Amino acid sequence: MTQVDIRIRNINHWYGDNHVVEDVSLDVREGELVALLGPSGCGKTTLLRLVAGLIPLKDGQIYFGEKDVSQWQPQKRNAVMVFQSYALFPHMSVEENISYGLKVRKINHHVRKELIQEIMEKVELTGYADRKIQELSGGQQQRVALARSLVVEPDVLLFDEPLSNLDEKLRVSMRQEIRKIQKSSQITSIYVTHDQEEAMSIADRIVIMNKGKIQQIGSPREVYEKPLNTFVANFMGESNYFVDNGVTRMCRPDAITLSTHGEYQGKVAWVEYLGSTQRLTLDWEDRQLIVDVFNRDLKDLSTNHGDRVSFDMDKRALVTLEDTTSDII
Amino acid sequence: MKNLIKLVLLALLVVLILFPSLRTLLVSFQTDQGFSFSNYEYIFKTEGSLIAIKNTLLMGALTVLICGFIGTFLAFFVHYFDFPFKKILDRILLLPLVVPGLIIVFAFVQLYGESGMVTKTLETVFGLKEPLYRFSGLWGILLVHAYTQYIYFYMNVSVAVKELDRSVIEASINLGASSFMVFKSIILPYIKPALISSSILTFMTGIGSFSAPNIIGGGYKVLTTQILLAKANLFMNLAASQVVVLFLFAMTYMGIARYYEKKVSFSTGVREHVIEPVKIKNKALKIVMVMIALSVIVMIFLPIVTILILSFVKPGTWMIEIYPKEFGLDNYMRIFTKSRSLAPFLNSLKMAVLAAFLALFLAVPGAYITTKTDTKLKPIFEFLLMLPFALPASAIAINMINGFSTVLLGKWIMLPLAYFISMLPMAVRSVTISFERLKDEYAEASINLGAGRSRTFLQVIFPLIAPGIWSGLLLVFIRSLGEYTISTFLYTASNRPISIAMVNSIFEFEIGLAMAYGALVLLLTFIGSGILKKLQVYTE
């Protein structure tokens, strides 16, 4: 593998009349993992497949390092993908699946054996070499898919919602593992997901897409705390919006704190107990506010349905959005 | 390249399938007075012909009823309840699917015919002067159909029963429903689509049936035998219009049934609880169930075993006794030493192999085009590839004569060509299933890992579709080997298939020889279906 950065320049793509990727430009630094996040149909998977070369690029450029790979055959790009369905070859054993890419690269038998051994240890599949794919659990299949992609030492690693077929618990542990492996191998990666929590936990930076367009690029903290527009604000979590003279501002539910002598007064309209936190809905000046509080911060404040509470709002946490939406509130 | 393949395939399908069918349609309107409806008038106005039509429809309807009852009963019996050796029973119940109809008919004649072994045994045991029943006419035909055609109902209803949603049944019991209510309001709606679609297949094979009416029908005239009669007397125009009428009956039933099928079918939502077979606790009931299972097994194996045993009967030794007494290898010796006797066997082998490869030659690109490409011509390909499925074997034979008699009359190729056309849909379906299961992502993953086109095809795509290709090949081979209907219409003195040789031996009272032919076909059939079973496991 050679470490490369990825530069995507002014990519457009259409399915028939449907403009699915609209003037997208994006830089992924060497060794970085960037998540493409957005609702289904936002163009994120199409963008990923364009980078892999599985869909021919018609408009725009893609560079891996200094090389313009825009018109390269997918075989030549060394940009290996982990598929949503894993796409493991069902007629081959675990080992045959993993060695497929090595055979294509004409790696000699002994080196191949060693590399496979090594990668199987890394993804904790030792002892499974001769298993059939159908005999593996979903999590194990995911590991084989990962191993098959990693073993060829790709320049670029592409993930297409790799965890969406796993259950909640496994998803959390697998995403930590992927993160660890990606960090240690330092392979420049693009990771497609529709799950904002997954994106925040795994990515160095997040690219939020909607209707084929990039909405915002930033670190997980930036896109959560300082969204540029209502779409990003909504997609990344709950928010409170304030419209004033055509300007929309927002804050997250944790920017509001309850206290005994707060500046504002409200009435508890709804309580959701969530373990260490609770999510309150407060009636305040003809509207409702969503507030997240840590239970241990509450002390002797009572937050039962109908209770009157006072609170403060961190003015510095208010973010001005680029767009206005009249239908909020 | 892709377009060239499409073009060649389309041309072949038009020439081999569409053209002969249209020719038949055209011929059916030709009369001595030119273009007219008078052939059809004759069919619907002559008393004898009307009886044949009435008989055909009655035979079709009763076949559906009887097979529907047997098949559904067996499907529930095997899949709804839990009892010993149900797995084996399930496999045995699928056997009649691969046994050629002609062989069953002859086995039944030997067992239940006027001087059949079962008939005579019953006569002796009860001291009767006349046989207890007559195995001929409509009831004889229906007995054969019951044995050979319950299978569509059995297979489809089995799938439906296995897909019953346990939680829905539990919900209905939980809401206070009685067993009868559960059956009426839950189970029946679940299996109704299966019942209707099986009835289509059963009705089509029922009215198109030829072996049974031709051999044991006696005076019971049906359309298929009338078609042969018309063809034998060189009334090709009449034969053509009879074919069209038979086809229209099949299409009408299919149209009506499809309409109802659509109305009653529904897609199920989340289904996580598959039913567990109901355990029978009552001892007496358990014994009854085992008895039923055992008698079903005996019923299925009896004709097959009969053929095998009778194939060893020494020629000329079994004349008036109820059971044969002297056995030997004479019949087989004769087949394998006398070239005149061996010829039909070798000929059928050759034709079946050719038909299988021809079918595949069209089925693979056909299935590829209809599943993996996006072309405006797709519906046309689908229609042409599946058209032979809607045509009874007798219709295909008549089409062949109408389409190609000027160039191919009396040529050897006529017969394997007709086999291949009539069985093409079977091969197409088999290969199509493979292509449908072949996710595009496999090829993409291979390319993505750096593999070129040929490596991707040889190491990923081909191994994944190969089981479908082999099973298509085997299915056509097995079916062609013992084919009787098309053979009867198209064989010539120099081109006798094994089924015709079997019939000839029967009429020459060489029952042992006929049965040896039958046993050879059975042997190859079972070997073939054994391999098929293996392939199915591999595909899953």
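Where does helix 17 of chain B bend, and by about how many degrees? Keep that in mind as we go round.

A little orientation before you click. This is a predicted model, where local features need pLDDT of at least 70, side-chain atom pairs count only at pLDDT 80 or more, and totals for chains, interfaces and linings use all residues. Residues are numbered from 1 along each chain as its sequence is written, while chains are lettered from A and ligands numbered from 1 in the order in which they are written.

**Stop 1: where the chains meet.** Show chains A and B together. Here 16 residues of chain A are in contact with 15 of chain B (contact: C-beta atoms, placed from the backbone, within 7 Å). On the chain A side, strand 6 (79–82) and helix 2 (94–104) each supply at least two residues. Helix 2 of chain A has the largest share, 3 residues. (Helices, H or I of at least four residues, and strands, E of at least two, are DSSP runs numbered from the N terminus.)

**Stop 2: two domains in chain B.** Colour domain 1 (1–21 + 325–540) and domain 2 (37–91 + 133–280) of chain B; the bounds come from an automatic or database domain assignment. Their centres, taken over C-alpha atoms, are 25 Å apart. Between them, 13 residues of domain 1 of chain B are in contact with 15 residues of domain 2 of chain B. Helix 17 of chain B gives the most to the domain 1 side, with 6 residues.

**Stop 3: helix 17 of chain B.** Select 393–408 in chain B. The answer to our opening puzzle is N402(B), where the helix bends by about 45° (the angle between axes fitted to the seven residues ending there and the seven starting there). Helix 17 has 16 residues, yet its end C-alpha atoms are only 19 Å apart, short of the 22 Å of a straight helix at 1.5 Å a residue (that is, 1.5 Å times one less than the number of residues). Of its 16 residues, 12 are buried, including N402(B) and F404(B) (buried: 20 or more other C-beta atoms within 10 Å of a residue's own, C-beta atoms being placed from the backbone). Just after helix 17, G410(B) has a positive phi, near 75°.

**Stop 4: the core.** The largest nonpolar core has 138 residues (buried Ala, Val, Leu, Ile, Met, Phe, Trp, Tyr and Cys joined through C-beta atoms within 7 Å). Helix 15 (339–372) of chain B gives the most, 14 residues. Both domains of chain B give residues to this core, so it lies between them. Finish at A355(B), which touches residues including P416(B), F420(B) and V476(B).

Terms used: Contact = placed C-beta atoms within 7 Å. Lists of a residue's contacts leave out its neighbours within four places in sequence.
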